[in-house]
Amino acid sequence: MTLLADILLGLGAIAAAIYCFVLSRKLSKLKGLDQDLGSAIAILSRQVDEMTRVLSSAQDTANTSATDLKDKTEVAANIADRLELMIAALQDLPETEVEADAQFLAEAAAAKPDANIFVRNASRKASL
């Protein structure tokens, strides 16, 4: 009976050794996975830091561009106001100038019928 108990005890020890060997291999694979996972996390962390810097730079550039665009829009609005005033001033010209221009154009057309004549205002040309 002691022989049978010794055999069973030996088989149990062999089974425990095989179990420890399998468990050791699984732990080493898990450790390798942990190292791979750690390096992947470190790489991703560096990429996140780099993307944060790039995003900050892009935001600064966008803010600068927006400010420049706002300034240029204000300048364009001021120029448009000045142009409107100039156009309004041109419309207030007395009719005698229009008639004088029309007479000049008629004389020039009679003198040289196929010559090109510069007309400053399209409404004056239409009135001829």
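## Starting from one residue

Ile-18 lies in helix α1, which covers residues 2-91. This is a predicted model, and Ile-18 makes a friendly way into it. Is Ile-18 buried or exposed? Its relative accessibility is 52%, and exposed means over 50%, so Ile-18 counts as exposed.

## A nonpolar patch

Ile-18 also belongs to a nonpolar patch on the surface. Its partners there are Leu-3, Leu-4, Ile-7, Leu-8, Leu-11, Ile-14, Phe-21 and Val-22. Together, the residues of this patch have about 920 Å² of accessible area.

## The whole protein

Now let's step back. How many helices and strands does the protein have? The count is three helices and zero strands, and along the sequence they give the pattern α-α-α.

The protein has 128 residues, and buried ones make up 2% of them. Its accessible surface comes to about 11,300 Å². Carbon and sulfur atoms account for 65% of that surface.

## How far to trust the model

The average pLDDT of the protein is 81, and 78% of the residues score at least 70. Where is confidence highest, and where is it lowest? Helix α1, the home of Ile-18, has the highest mean, at 89. Helix α3 (residues 122-127) has the lowest, at a mean of 48.

Over residues 124-128, pLDDT stays under 50. For this stretch the model has eight contacts beyond four places in sequence. Where pLDDT is low, the predicted coordinates should not be read in detail.

Technical notes. Residues are numbered from 1 along each chain as its sequence is written. This is a predicted model: local features need pLDDT of at least 70, side-chain atom pairs count only at pLDDT 80 or more; totals for chains, interfaces and linings use all residues. Side-chain values use heavy atoms; hydrogens and water are left out. Helices (H or I, at least four residues) and strands (E, at least two) are DSSP runs, numbered from the N terminus. Buried means under 20% relative accessible area, exposed over 50%, partly exposed in between (1.4 Å probe, protein chains only). Accessible areas come from the Shrake-Rupley method with a 1.4 Å probe; for residues, only the protein chains shown count as cover. Patches are made of residues with over 30% relative accessible area and no salt bridge: like charges are joined within 9 Å, nonpolar side chains (Val, Leu, Ile, Met, Phe, Trp, Tyr) within 5 Å. A salt bridge is a side-chain nitrogen of Lys or Arg within 4 Å of a carboxyl oxygen of Asp or Glu. pLDDT is the predictor's confidence in each residue, from 0 to 100. Contact means heavy atoms within 4.5 Å.
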